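Student: I would like to test some structural labels against their cut-offs. Can we go through them one at a time?

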Amino acid sequence: MSALPMMPLLPPVPHGLKPLRDPLPLLQRTVAEWGGHDDLWLFGYGSLIWRPGFDHAERRPARVNGWHRALKMWSRINRGTPEQPGLVFALLSGGSCRGMAFRVPKAHGRAVLQDLWAREMPTGVYDPRWLACRTPQGPVTALAFTLSRRSPNHTGVLSEADYRRIFGSACGIYGTTLDYARRTLEELRRLDIHDRQLERLLGLLARDSDNPAP
């Protein structure tokens with residue numbers, strides 16, 4: 001497979017926001033690792049579950065071990081701004097995660113990866129990683145977007161007050177952090193996937209409405 005052309009593939013980063021690293025070499029490396037000889041598998045654990053944004057030939061429930069879903073990544077474009085960062089999900093090491101594995105026909109794999117990079121990797125924050133996924137039809141190896149705890153975009157420990165503030169104010173080009181979290185929880189529940197941590201965080205708002213300030 002020929003290398004990707006050295007041409008602008010990604011939208012410009014908003015003014016004042018410096019990319020963590022150039023995303024194009026990461027895209028080229030991922031395409032080379034995939035190779036293009038077989039269909040492409042992608043693991044979704046957040047918005048990719050309810051808004052994949054790409055055509056796929058198959059979708060399977062999947063579990064990965066050694067990683068877990070966490071609403072602990074700063075978002076300064078999609079669900080927030082540089083001045084008022086929001087949050088998005090990331091895969092952090094440890095535990096396990098249930099999500100969905102998508103099979104993309106190999107003829108469309110490169111185009112899908114380019115589109116995903118524009119959506120998920122404009123600042124090169126995630127660490128793209130090939131993970132072993134267990135599905136009802138057997139194991140597959142799928143690309144997932146993971147995050148290092150050493151990344152400046154990892155939030156570390158946030159307080160309940162932090163989450164309330166972010167849910168109440170953060171909004172980016174795809175909408176609010178609150179809508180993103182709620183839609184993810186709704187889809188996880190529909191798929192019979194239980195995420196107690198996400199339920200707890202969104203439950204903070206329910207408790208606030210039950211106990212309004214005097």
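Tutor: What follows takes each label, sets the value against the definition and concludes. Keep in mind that this is a predicted model.

Student: What is the order of the elements from the N terminus on?

Tutor: The chain has six helices and seven strands. They run α-β-α-β-β-α-β-β-α-β-β-α-α.

Student: Why are H1 and H3 called roughly antiparallel?

Tutor: Look at the angle. The axes of H1 (residues 23–34) and H3 (residues 106–120) cross at roughly 160 degrees. Angles over 145 degrees count as roughly antiparallel. H1 and H3 therefore earn that label. Their axes come within 11 Å, and the crossing of H1 past H3 is right-handed.

Student: Which residues of H1 and H3 meet?

Tutor: H1 brings Pro23, Leu26, Leu27, Thr30, Val31 and Trp34. H3 brings Lys106, Gly109, Arg110, Leu113, Gln114 and Trp117. By class, the residues of this contact are seven nonpolar, three polar and two charged.

Student: How many disulfides are there, and how do you know that Cys133 is not in one?

Tutor: The count is zero. A disulfide is a covalent bond between the sulfur atoms of two cysteines. The rule asks for sulfur atoms within 2.5 Å. For Cys133, the closest cysteine sulfur belongs to Cys97 and lies 9.4 Å away, so the two are too far apart for a bond.

Student: What makes Cys133 buried or exposed?

Tutor: Its relative accessibility is 1%. Buried means under 20%, so Cys133 counts as buried.

Student: And why does Cys171 get the label partly exposed?

Tutor: Cys171 has 38% relative accessibility. The partly exposed class lies between the 20% and 50% limits. Cys171 therefore falls in that class.

Student: Where is Arg63 found, and why is Arg63 called partly exposed?

Tutor: Arg63 is in strand E2 (residues 58–75). Its relative accessible area is 30%. That value sits between 20% and 50%, so Arg63 is partly exposed.

Student: Which residues does Arg63 touch, leaving out those up to four places away in sequence?

Tutor: Arg63 touches Ser96, Cys97, Arg98, Ala132, Cys133 and Arg134. Here Cys97 and Cys133 return, the pair whose sulfurs are 9.4 Å apart. Arg63 and Tyr45 are 18 residues apart in sequence, with a C-alpha to C-alpha distance of 9.7 Å.

Student: What share of the chain's residues is buried?

Tutor: Of the 214 residues, 49% are buried. As for contacts between residues at least 6 apart in sequence, 76% join residues at least 24 apart.

Technical notes. Residues are numbered from 1 along each chain as its sequence is written. This is a predicted model: local features need pLDDT of at least 70, side-chain atom pairs count only at pLDDT 80 or more; totals for chains, interfaces and linings use all residues. Side-chain values use heavy atoms; hydrogens and water are left out. Axes are lines fitted to C-alpha atoms, for helices over the stretch in contact, and angles run from 0 to 180 degrees between N-to-C directions. Helices (H or I, at least four residues) and strands (E, at least two) are DSSP runs, numbered from the N terminus. Angles under 35 degrees count as roughly parallel, over 145 as roughly antiparallel, 65 to 115 as roughly perpendicular and the rest as oblique. A crossing is left-handed if the near helix is turned anticlockwise from the far one by less than a right angle, and right-handed if clockwise. Contact means heavy atoms within 4.5 Å. Ala, Val, Leu, Ile, Met, Phe, Trp, Tyr, Cys and Pro count as nonpolar, Asp, Glu, Lys and Arg as charged, and the others, Gly among them, as polar. Buried means under 20% relative accessible area, exposed over 50%, partly exposed in between (1.4 Å probe, protein chains only).
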